[in-house]
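Colleague: Could you walk me through this one, step by step? I'm new to this.

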Amino acid sequence: MAFQMKNNPTPKKIVADLYNRVAPFYGGVGPNFFKHSGRRTVELARIFPGARVLDVACGRGASLFPAADTNGEGGLTVGIDLAYEMLRVTKSEGEQQGEKKISLSQMDGDALGFPSNTFDFVLCGFAIFFFPQPDVTLKEWKRVLLPNGKLIVCVVGRSDERWNWFNESLVSYHERYGFPIAPMSGGKELNKPPEIQSAMLVADFRESTILTEDYQLIYSNEQEWWESKWTHGSRFALENMPSEILEQFHAEALSKLPALKGPDRFHENWQVAWVVGTK
């Protein structure tokens, strides 16, 4: 069974379209891992009152809202994203919270519409791997930073080996049935902290450090775990499975869950990593 994408959309358009579909549910099912990591990003960055902050691929504002709360009325907080639905939902949420000082723009993180030396901080949470030319991307982010400004990139440092079967199964089904498994592939995508650190230094950041913390994702039941898989990047592979293949995959996935259940719920242990570069 072969699968072909229609109209040959660009990888970035595929990513944007995926997150347009995900936007209403992003981080809304199961543990809100992104919200927790976004808050810690701002804390670890040590954003100060009056700081000028750019959040690249800001999504639902996991880092954006805490940054705006931290830098205060005298600061500047800008969020950009390619997915207009992410921006629309985030704007609505900000208005409900009475947040008036955040600026949102649909923009490609590889071509920032800002002058050089504009921001004290550039943030990017769980998105650097969507940029196929990280050397170009990092130099662009460095360009808009003020001297001594900081870039903070957040990714998963280490996943729970007990749950690796999920991605392994996706790969196996992809190889067997030929449906697309990820929006982008075959480039120089970065997703490992040491790789990101090395790339920052190659991009002439003065220094780069890695910070890590452990985090536990807790799912109440099997249905919550399954529904959460449709609220972020894994949705791409799942929605590209033909219905009968998806049904088969779903049944196989659920059959593996009983062995992973704790005394009450399902626990998945991750390590979160922040790579911090200084201009």
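Modeller: Sure, one definition before we start: buried means under 20% relative accessible area, exposed over 50%, and partly exposed in between (1.4 Å probe, protein chains only). This is a predicted model, where local features need pLDDT of at least 70, side-chain atom pairs count only at pLDDT 80 or more, and totals for chains, interfaces and linings use all residues. Residues are numbered from 1 along each chain as its sequence is written, and side-chain values use heavy atoms, with hydrogens and water left out.

Colleague: Is alanine 57 buried, partly exposed or exposed?

Modeller: Look in the loop between β1 and α3 (64–71); helices (H or I, at least four residues) and strands (E, at least two) are DSSP runs, numbered from the N terminus. Its relative accessibility is 24%, so alanine 57 counts as partly exposed.

Colleague: And what is the phi of alanine 57?

Modeller: Most residues other than glycine have a negative phi. Alanine 57 isn't glycine, yet its phi is positive, near 55°.

Colleague: Where is aspartate 204, and is it buried or exposed?

Modeller: Aspartate 204 sits in the loop between α7 (193–202) and β6. Its phi is positive too, about 75°, although it is not a glycine. With 55% relative accessibility, aspartate 204 counts as exposed.

Colleague: Which strands are at the edges of the sheet?

Modeller: Two strands pair if DSSP finds at least two bridges between them. Seven strands make an open, mixed sheet, in the order β3-β2-β1-β4-β5-β7-β6. Each edge strand pairs on one side only, and they are β3 (102–106) and β6 (207–219).
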